[in-house]
Amino acid sequence: MAQYVPRVGPRVASAFGRFVYNWSGFNQYGLYREDILYEDDDVKEAIRRLPPKVYDERNYRIIRALQLSMSKTILPKEQWTKYEEDVKYLEPYLEEVIRERKEKEAWLKEK
């Protein structure tokens with residue numbers, strides 16, 4: 001697979017998008033949007049395919065968020081994940097998994 005450079009920030013920055021992002025609250029724990037995805041089979045497979053460094057960074061953010069949640073605190077505002085800095089690190093792997101699943105389903109349907 002070719003080297004992937006994750007897309008940083010949203011495709012369209014808007015005041016409403018920024019408001020909803022900050023209102024959701026996960027950024028106050030230092031999480032990215034893709035850290036909180038519901039882990040269905042496709043997402044689990046995409047997570048399994050992550051490079052070790054990215055996988056470890058993801059686990060660190062989640063463990064830190066759990067620790068902060070248990071202690072009922074949040075990060076200092078300067079450490080919050082900013083709307084423009086949200087990295088879509090899982091997107092290419094997830095798209096690949098979904099494409100492969102659809103291809104497999106189509107192939108099995110033809111049999």
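Helices here are DSSP runs of H or I at least four residues long, strands are E runs of at least two, and both are numbered from the N terminus. Read that way, the predicted model puts Lys 72 in the loop between α3 (52-70) and β2 (87-88). The backbone does something a little unusual there: phi of Lys 72 sits near 55 degrees, a positive value in a residue other than glycine. For context, most residues other than glycine have a negative phi. Lys 72 has a relative accessible area of 75%, so this loop residue counts as exposed.

Zooming out, the chain holds 4 helices and 2 strands, which run β-α-α-α-β-α from the N terminus on. Of its 111 residues, 32% count as buried. As for how the chain folds back on itself, take the contacts between residues at least 6 apart in sequence: 85% of them join residues at least 24 apart.

One helix pair deserves a closer look. Two packed helices are described by the angle between their axes and the distance between the axes. For α2 (residues 41-48) and α4 (residues 91-110), the axes come within 8 Å and cross at roughly 125 degrees. That angle is why α2 counts as oblique to α4. As for handedness, the crossing of α2 and α4 is right-handed. On the α2 side, the residues involved are Asp 42, Val 43, Glu 45 and Ala 46, and they meet Tyr 93, Leu 94, Val 97, Ile 98 and Arg 101 of α4. Sorted by class, this α2 contact with α4 comes out at 6 nonpolar and 3 charged residues, with no polar ones.

Asp 42 is one of the charged residues to look at here. It lies in helix α2, and its relative accessibility is 12%, under the 20% limit, so Asp 42 counts as buried. Leaving out residues up to four places away in sequence, Asp 42 touches Leu 94, Val 97, Ile 98 and Arg 101.

Then there is the nonpolar interior. The largest nonpolar core is made of 11 residues, namely Tyr 32, Val 43, Ala 46, Ile 47, Leu 50, Val 87, Tyr 89, Leu 90, Tyr 93, Leu 94 and Val 97. Both α2 and α4 feed into this core, each supplying at least two residues. Leu 90, one of the core residues, touches Glu 34, Leu 37, Val 43, Ala 46, Ile 47 and Leu 50, again not counting residues up to four places away in sequence. Another core, of 5 residues, lies apart from the largest one and has Tyr 21, Phe 26, Leu 31 and Ala 65 among its members.

How values were computed. Residues are numbered from 1 along each chain as its sequence is written. This is a predicted model: local features need pLDDT of at least 70, side-chain atom pairs count only at pLDDT 80 or more; totals for chains, interfaces and linings use all residues. Side-chain values use heavy atoms; hydrogens and water are left out. Axes are lines fitted to C-alpha atoms, for helices over the stretch in contact, and angles run from 0 to 180 degrees between N-to-C directions. Angles under 35 degrees count as roughly parallel, over 145 as roughly antiparallel, 65 to 115 as roughly perpendicular and the rest as oblique. A crossing is left-handed if the near helix is turned anticlockwise from the far one by less than a right angle, and right-handed if clockwise. Contact means heavy atoms within 4.5 Å. Ala, Val, Leu, Ile, Met, Phe, Trp, Tyr, Cys and Pro count as nonpolar, Asp, Glu, Lys and Arg as charged, and the others, Gly among them, as polar. A nonpolar core is a set of buried Ala, Val, Leu, Ile, Met, Phe, Trp, Tyr and Cys residues joined through side-chain atoms within 4.5 Å. Buried means under 20% relative accessible area, exposed over 50%, partly exposed in between (1.4 Å probe, protein chains only).
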